[in-house]
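Please open the model in your viewer and keep the sequence panel beside it, since each stop on this tour begins with a selection and then describes what can be found there.

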Amino acid sequence: MSPLRSLWRWLRAATGDDAYERYRTHQAQVHAHATPLSRREFYAERLRRKWSGINRCC
Amino acid sequence: MLNRLLGIVLAAVGAIALGGIALHRHEPINALWLITAAVCIYALGYRFYAAWIAARVFMLDATRATPAERLNNGRDFVPTHRWIVFGHHFAAIAGPGPLVGPTLAAQFGYLPGTLWILIGSVLGGCVQDMTILFVSTRRDGRSLGQMARDELGPLGGIAALIGTLTIMVIIIAVLGLVVVNAMKRSPWATSTVMATIPIAMLIGMYLRNIRPGRVLEASLIGFALLLLGVAAGGVIDQQEAIRGWFDLSGTELAGFVIGYGWVAAILPVWLLLAPRDYLSTFLKLGTVMLLAIAIVIMHPVLRMPAVTQFVDGTGPVFAGKIFPFVFITIACGAISGFHSLISSGTTPKLISNEADVRLVGYGSMMLESFVAIMAMIAATMLDPGVYFAINVGAGIAGSAPEAAVATISSWGFPVTVDQMQSLARAMGERTLFARTGGAPSLAVGMASIFGTVFGRGLLAAWYHFAVMFEAVFILTTIDAGTRVGRFMMQDVLGQLWKPMGRTSWYPSVILTSAMVVAAWGYFLYIGVIDPNGGINILWPLFGMANQMLAAIALSVATAIIVKTRSLRYAFITAAPLAWLALITTTAAWQKVMSPDPQLGFFAAATDLARKLASGTLPAGRAAVAPQLIFNQQLDGWLTVLFTVVLWVVIADMLRVCWRSARGLPSVSTEVPRQLSQLQPAVGGGA
C-alpha cells in the first residue's frame, strides 16, 4: 500500500470517520441475522457512549 | 549488539546536547539544543527503561487475549491498530495544561522547568500512564476509582472519588480564567472565540442530520470556518461601531464562561460538545505538528537566562521557591494524575495486543511532554522583559505601563513602554501588559515563531489563531469536565434519592449541572476579581491537586505490582510516588504555614484583613477584600484536605503491601489468561 493511502486510512480510523463501516463489518461477521443500526442511529449511539465517561483531559 | 550501539549513540548525542546547554550558561543558547536533548532522552527512556518495564516487570504477553478481543462488541470494546489507539489516547490526554504550566515556570529560567519536564516524564509521567494502562487492560478496562476500591479498599475508592471531583472543579476554574484573561478587553479574541460556538453547532447539525458520522469532512469544513472566524474577528476589531460589543471586562467574560458552561452541560452532546471536540482535536494535532516544524526551521535563540534570581521564592508570576514549586507548576508536562483516568477506562478497551501498552501509554506521554518543551521554548524565546510584562499581574508590577516597565526593568529585565506598545500593535491588541494566565504570552511566542517561518505580515492573525486554538480546547475541557462532574454528582445524589441518579431526568440534569458550575464558577469569579491575576493562587492549587491524583494512581499501581509481582519491582512506581508525596506535602506545608502573604494562604488572609481594618486599601480593593479573605482561607483548607487524602491513600497502600509481603491473603482482580486468537502465537513477551 502506498504511504499516502495508509496515512489516509490512519487518519480516517484515528478520527473515527470509518467507525460505521467497522461496525457494519463487525455486525456482518458476528450478528449476521440482526438488523444493523442505520448510520444516523449508530452515530447518536456512539456519541452517547463516548461522552458518558472521562475522555478529555487537562 | 545493534541495540547497544544505538543506545551508546543516543546517550552520546543526548550528553553532548545537555553539555551544550550547561556550557552555554550566561549566554543565549539555541532552542535546537533543547530539542536534541529532549529527543535523545525520550529515545533512551523508551528504548531501554520502558522496554525493561514491559519485559521484566509487567511481563507483557503478546499471546494473551485483551479485553478488546474477549469482549469485542464493535462499539467500545474494539481491537484497534496500535497507531490508531496511540492517536486516540494522545488526543484524549493532550490538553491546555502542558502549554500553560511551562509558560508560568519560565519565570525560573528555561533550565529548571526543562529538566523536570524531561526527567519527570521519562521516569514518572510516562511510567504512570503505561502502568495504569497495563493494569486496567488486565482488569477488563476498569476505571481508576474501581481499581482503587478493588485493590486498596473502600477508603482508597472514596479518596480517588474526592480527588477526581476536586481536581475537576479546580482545573475548570483555572482554565476558565486562562480563557477570560486572553479575551479580556480584546474584541478580536473575544469575537473569534465566541464565533467558535455557532460554528461548532453548525458542524454538530451537519454531522447528525446531513452527513451522519462523516467526521473528517465535517472537521475540514469546521476548520475552514474557524479560520474565517479569525479573519472576521480582525475585521470586527476595525469597526468602531461593533468592536464595543466584544470589548468586555473580566467579570463580564467570567459571567459568559459560567453561563456557557452551564448551558453546554445541559445541551445534547451532538449539538455542541462532540462537534467542538472534533474541531479541537483537529486543531490541536495540526497546530502541534506545525509548531514542531516551525521551531526546527526557525531554531530561535532562548533569551531568558538559564536560571533567574526568582528561584529564591521572590517570583512575580507565582510565589514560592524553585523547590517544590517548579514541580507543582509544570504539572501535566511531566506527570499528570488526570491521565490515569484516561489510561483506565476508555483506552484499554481498544488495545488489541498487550505489547501495545508501551507505545500507547509511554509513547503518548512522551509526545505530551514534548509539547511542554515547545511551550517552554515559546515562552523563553521572548525577551525576558516582555515575558514578565505580559505575565505579571497589575497588583505586583503596577497598573500604569510606566510603573510596570520600571518595576520589571529594576529586576534586571529591561523593557520599555514603546517596545510593549509596538508589540501589542503588531499582535492586533490594545495592550499586552498584565495579560496573565499564560495564554497571551504563549500566543505571542507562537505568533513570532509562525510569523518568522510563514510570513511576518500575518502576525496579528497568527496571534489570534493561537488564542483561538487554546480557547477551543479549553472550552472543550470546560464542558466535558462539567459533564463528568455532573455524572459523579448524580451518582452520589442517586444514593440518597433514586431519581437524582437518572442521567436523563431533566430536573436532576439541570440541578446537578448548576451545582458543578457553581463550584468552579466561584473560583473563576474570585480569580477574575483578584488584583494579582488569580492565576498565582489557582495554578499552584491545580498543580497540587493534579500531583495528588497522580500519587493516588501510583499508590494503586504500586499495590498491584507488589501483590502480583514482587516488592523488588515496586520502585518503578514507588520512586515517583515518594517524590510526588515529598513535593506535594512540602508545597502544601508552605501554602498553609508560610507567614509570607505572597505564599501562605492563611498569611495572605490575615494580611489583607489587617490592611482592610486599618483602612490602607484603595476603595476598589477594599470592596472585594472580604471575598478574597474568605477565598484564601478556603484555599488553605482545601490544601489541608488534599494532603490528608494523599496520606490516607499512601497509608492504605502501605498496609496492603505489608500484608502482601508477609504472605497474608490478598485479593487480585486480574482476569486469568486466555490465549489470543487474533494472531498466531509468536513466542516471548514484548
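Does B:H299 count as buried or partly exposed, and how many C-beta neighbours does it have inside 10 Å? Select B:H299 in this predicted model and look around it: the residue has 14 C-beta neighbours inside 10 Å, and because a residue needs 20 or more to be buried and 12 or fewer to be exposed, B:H299 counts as partly exposed. Its place is the loop that runs between α13 (273–298) and β2 (301–302) of chain B. While the residue is selected, check its backbone torsions, where phi is near 30 degrees, a positive value in a residue other than glycine.

Next, select B:A331, which also has a positive phi, of about 45 degrees, although it is not a glycine. This residue lies in the loop between α14 and α15 (339–343) of chain B, and B:A331 is buried, with 32 other C-beta atoms within 10 Å.

From there, go to helix α14 of chain B, residues 322–330, where B:P324 has its place. The peptide bond that leads from B:F323 to B:P324 is cis, and its omega is near 5 degrees.

**Helix pairs in chain B**

Keep α14(B) selected and add helix α5 of chain B, residues 97–105, whose axis comes within 7 Å of that of α14(B) and crosses it at roughly 155 degrees. That angle makes α5(B) roughly antiparallel to α14(B). To see the contact itself, display B:G101, B:P102, B:L104 and B:A105 in α5(B), which meet B:V326, B:T329 and B:I330 in α14(B). Coloured by residue class, the contact of α5(B) with α14(B) divides into five nonpolar, two polar and no charged residues.

Now select helix α7 (residues 144–151) and helix α8 (residues 154–183) of chain B, whose axes come within 6 Å and cross at roughly 155 degrees. This makes α7(B) roughly antiparallel to α8(B), and the crossing in which α7(B) passes α8(B) is right-handed. On the α7(B) side the contact is made by B:L144, B:G145, B:A148 and B:R149, and on the α8(B) side by B:P154, B:G156, B:G157, B:A160, B:L161 and B:T164. By class, the residues of the contact of α7(B) with α8(B) divide into five nonpolar, four polar and one charged.

For the next pair, select helix α6 (residues 110–137) and helix α16 (residues 357–380) of chain B, which pack at an angle of about 160 degrees with their axes 8 Å apart. The helices α6(B) and α16(B) are therefore roughly antiparallel to each other, and their crossing is right-handed. The residues of the contact of α6(B) with α16(B) comprise 14 nonpolar, nine polar and two charged.

**Chain B as a whole**

Zoom out and select the whole of chain B, which contains 27 helices and two strands. Along its principal axes, the C-alpha trace of chain B spans about 70 × 65 × 55 Å. How does the radius of gyration of chain B relate to that of a compact globule with 686 residues? Such a globule would have a radius of gyration near 26 Å, and chain B, with 25 Å, agrees with this. If you colour the chain by burial, 58% of the 686 residues of chain B count as buried. A contact map of chain B adds a further view, in that residues 24 or more positions apart account for 81% of the contacts with a separation of 6 or more.

**Chain A and its contact with chain B**

Finally, select chain A, which has three helices and zero strands and follows the pattern α-α-α when read along the sequence. Its C-alpha trace spans about 35 × 35 × 20 Å along the principal axes. The radius of gyration of chain A is 14 Å, whereas a compact globule of 58 residues would have one near 10 Å. Buried residues make up 29% of the 58 residues in chain A.

To end the tour, display the contact between the two chains, which takes 28 residues from chain A and 41 residues from chain B. On the side of chain A that touches chain B, α1 (3–15), α2 (19–30) and α3 (39–50) each supply at least two residues, and the largest share, seven residues, comes from α3(A). The residues on this side of chain A divide into 15 nonpolar, seven polar and six charged.

Key. Residues are numbered from 1 along each chain as its sequence is written. Chains are lettered from A and ligands numbered from 1 in the order in which they are written. This is a predicted model: local features need pLDDT of at least 70, side-chain atom pairs count only at pLDDT 80 or more; totals for chains, interfaces and linings use all residues. Helices (H or I, at least four residues) and strands (E, at least two) are DSSP runs, numbered from the N terminus. The radius of gyration is taken over C-alpha atoms; the globule rule is 2.2 Å times the number of residues to the power 0.38. Two residues are in contact if their C-beta atoms, placed from the backbone, lie within 7 Å. Ala, Val, Leu, Ile, Met, Phe, Trp, Tyr, Cys and Pro count as nonpolar, Asp, Glu, Lys and Arg as charged, and the others, Gly among them, as polar. Axes are lines fitted to C-alpha atoms, for helices over the stretch in contact, and angles run from 0 to 180 degrees between N-to-C directions. Angles under 35 degrees count as roughly parallel, over 145 as roughly antiparallel, 65 to 115 as roughly perpendicular and the rest as oblique. A crossing is left-handed if the near helix is turned anticlockwise from the far one by less than a right angle, and right-handed if clockwise.
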